[in-house]
Amino acid sequence: MLIRRPDDLPVREITDESLFWDRRAFLAALGGAAAALALPGSAAALARRAREDDKLTPYESIISYNNYYEFGTDKSDPQANAGALRTSPWTVAVEGEVKRPASYALDDLLKGLTPVERVYRHRCVEGWSMVVPWMGVPLRDLLGRLEPTSRARFVEFTTLHDPKQMPGQRYDLLPWPYVEALRMDEALHPLTLLVTGVYGKPVPNQNGAPMRLVVPWKYGFKGGKSIVRLRFTEQMPRTTWNIVLPDEYGFYANVNPTVDHPRWSQAKERRLGELFKRPTLMFNGYGEQVASLYAGMDLRSNF
């Protein structure tokens, strides 16, 4: 479950007690107890040390330092501007190459799926990182319910477009709405999470309420927030940052310290709250779990 050492360190030992009990109430509201997912440790000594050194990023930092351009481009803008976002009721459209296309209320979409709690490292393409205790459901569990057809090779995630609620969308900074996508094998990987909570609480608006995507071995921009549509396609979808700056933001966006961003190095990162930088790990340290997805691929051209 935890990408830490020791592997059986319970969340209650690293989380404030009041937040721990809030977490239990929150999971009960979702309809089930948390399930554990034990992940094998990395063989690389550097990855092992990183896991031993992982400390949870404080909740206040997680909710106050965000990239969410729908609410502004400064890191503090999302917290300042997202409070009024209406997240209930919430509807998610399911379209394309799937056997159960429909418009689903979020509660119905997730009903009966077992929530999990996972501590993930995150790496932003700008060089900052954090360690976050997320709660949600594995995306593969939802896909099993929706039954993509054999023609579905990708799943596209579209986020809310509502300039009245999202002041950043009143400007042509990006081609709204924000769109991201995964290859189906990436979407079906057990680490890929649809997040509905953090630190024992429902995920805040500025972090992507009521549901967002988390793919921990990829740069943060792959994680679409406030998702309103899943579309299953045979062709690779065009994604927002890859449309805007294709030389800087590839479709795959796997964390790779050997491939620099055109304007800065990706070899090191700085955790929020830390003074010194640390080496960036290939696949953000999850290589043992995910490297097989990219066997035979040139990871410099498929960046």
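Trainee: Which strands each supply at least two residues of the lining of the largest pocket?
Mentor: S3, S4 (128-138) and S9 (212-214) each do. Strands are DSSP runs of E, at least two residues, numbered from the N terminus. A pocket is an open set of points on a 1 Å grid over the protein atoms alone, where a 1.4 Å probe fits, with protein on both sides within 12 Å along at least five of seven lines; lining residues have an atom within 4 Å of a point.
Trainee: Which one gives the largest share of that lining?
Mentor: S4, with 4 residues.
Trainee: Anything to know about the model itself?
Mentor: This is a predicted model, where local features need pLDDT of at least 70 and side-chain atom pairs 80 or more, while totals for chains, interfaces and linings use all residues. Numbering runs from 1 along each chain as its sequence is written, and side-chain values use heavy atoms, without hydrogens and water.
Trainee: What does the pLDDT average for the protein chain?
Mentor: The average is 87, and 83% of the residues score at least 70; pLDDT is the predictor's confidence in each residue, from 0 to 100. Over residues 1-50 it is below 50, though that stretch has 89 contacts (heavy atoms within 4.5 Å) beyond near neighbours in sequence. Where pLDDT is low, the predicted coordinates should not be read in detail.
Trainee: Switching to His122: where is it?
Mentor: In strand S3, residues 116-123.
Trainee: Why does His122 count as buried?
Mentor: Because its relative accessibility is 17%; buried means under 20% relative accessible area, with a 1.4 Å probe and protein chains only.
Trainee: Which residues is His122 in contact with, leaving aside neighbours within four places in sequence?
Mentor: Trp128, Ser129, Met130, Val132, Trp134, Val214 and Asn284.

How values were computed
Buried < 20%, exposed > 50% of the residue type's maximum accessible area, 1.4 Å probe, protein only.
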